[in-house]
Amino acid sequence: GNPELPRAVNITWSSINFKTILQWQPKPSGYFYTVEIHGQTSDTKKKCIMTAETECDVTDVLRNVNETYTAHILSVMSSGMDNFEEPPFAVSEKFTPYSQTVLGKPEIKNYTQKGSKLDVVFQDPLTPYTFPNGSFQSIRDIFQHDLEYKLYYWKDQSSGKKDATTKSHKFELSVDSTKNYCFYVQGMIPSRRENRNGQESMVLCTSVGRSILDEYGAEVFIIIAVIALAVITLAIVLSVILCKRKKAKAAREKEPLNGV
């Protein structure tokens with residue numbers, strides 16, 4: 001005789017480096033949610049049982065990253081799910097971690113510019129999944145040869161970008177030895193139809209052979225030169241005026257006093 005509970009709406013998957021969060025609406029009032037993860041070939045697993053939240057970390061039940069999953073968001077009463085023969089539920093879109101998780105930002109560990117050679121060394125983002133020894137798997141451990149990295153680089157204070165691609169952890173580039181360069185690294189899965197490009201690393205710039213003129217430009221030096229010239233001219237004028245005043249004062253002091 002109880003009215004049917006509201007069903008979840010706006011169900012979304014959010015996944016970066018295989019850490020996957022399920023989100024939905026609305027906030028429950030007088031009832032709770034339970035999440036069921038259904039795989040095409042795996043057993044159903046329950047997560048976030050009787051939660052009053054509208055998100056659930058489902059990372060640990062998506063370990064088979066090549067499996068395609070759907071989430072059922074069940075609306076349940078506080079006394080348990082036995083109130084209904086089948087609790088009302090909403091079904092998410094399908095989600096396959098291997099093809100849909102977003103690649104996170106690579107971490108640039110070291111970079112050097114020596115002469116006309118620029119070397120950039122970076123590190124793979126880690127996933128929440130671990131090896132039997134407890135160490136975390138990287139995205140390279142999962143994607144293996146499907147994973148590539150692209151480095152975008154450009155002359156400092158220039159807008160023209162070039163790029164290079166590698167399957168290793170290092171870029172070795174030939175550059176103009178007289179210029180500094182800025183760059184960032186981005187993971188890629190070329191075999192994907194969507195989400196091919198990952199998040200961009202922070203932008204870093206070399207600082208080899210940077211002159212003050214390169215840093216600030218000729219206009220600033222012209223302004224500084226004009227100001228310096230004005231200061232020198234003012235100092236000379238003040239010196240001349242002070243010198244004349246001293247000579248005039250000395251001449252007055254040498255004149256005999258009237259009436260003596």
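Which residues does arginine 63 touch, not counting residues up to four places away in sequence? The answer is Tyr69 and Tyr129, where a contact means heavy atoms within 4.5 Å. Keep in mind that this is a predicted model, so local features need pLDDT of at least 70 and side-chain atom pairs count only at pLDDT 80 or more, while totals for chains, interfaces and linings use all residues. Residues are numbered from 1 along each chain as its sequence is written, and side-chain values use heavy atoms, with hydrogens and water left out.

**The whole protein**

- You'll find four helices and 17 strands in the protein; these are DSSP runs numbered from the N terminus, with helices being H or I runs of at least four residues and strands E runs of at least two.
- Of the 260 residues, 37% are buried, meaning under 20% relative accessible area, with exposed being over 50% and partly exposed in between (1.4 Å probe, protein chains only).
- Take the contacts with a separation of 6 or more: 59% of them come from residues 24 or more positions apart.
- About 16,300 Å² of the protein is exposed, and carbon and sulfur atoms supply 53% of that (Shrake-Rupley method, 1.4 Å probe; for residues, only the protein chains shown count as cover).

**A four-stranded sheet**

- Strands 4, 3, 6 and 7 make an open, antiparallel sheet in the order 4-3-6-7; two strands pair if DSSP finds at least two bridges between them.
- At the edges sit strand 4 (45–51) and strand 7 (89–91), each pairing on one side only.
- On average, neighbouring strands of this sheet are turned by 15° against each other, direction ignored (axes are lines fitted to C-alpha atoms, for helices over the stretch in contact, and angles run from 0 to 180 degrees between N-to-C directions).
- Strand 3 (residues 32–39) and strand 4 run antiparallel and are joined by four bridges.
- Valine 35 stands opposite lysine 47 in strand 4.

**Serine 75**

- Look for serine 75 in strand 6.
- Serine 75 counts as buried because its relative accessibility is 0%.
- The serine 75 side chain reaches the backbone oxygen of proline 6 at 2.5 Å.
- Leaving out residues up to four places away in sequence, serine 75 touches several residues, including Leu5, Tyr31, Phe32 and Pro88.

**Back to arginine 63**

- Arginine 63 lies in the loop between strand 5 (55–57) and strand 6 (69–76).
- Arginine 63 and phenylalanine 18 are 45 residues apart in sequence, and their C-alpha atoms are 8.9 Å apart in space.

How values were computed. Polar contact = N/O pair within 3.5 Å; in protein donor to acceptor, adjacent residues only side chain to side chain.
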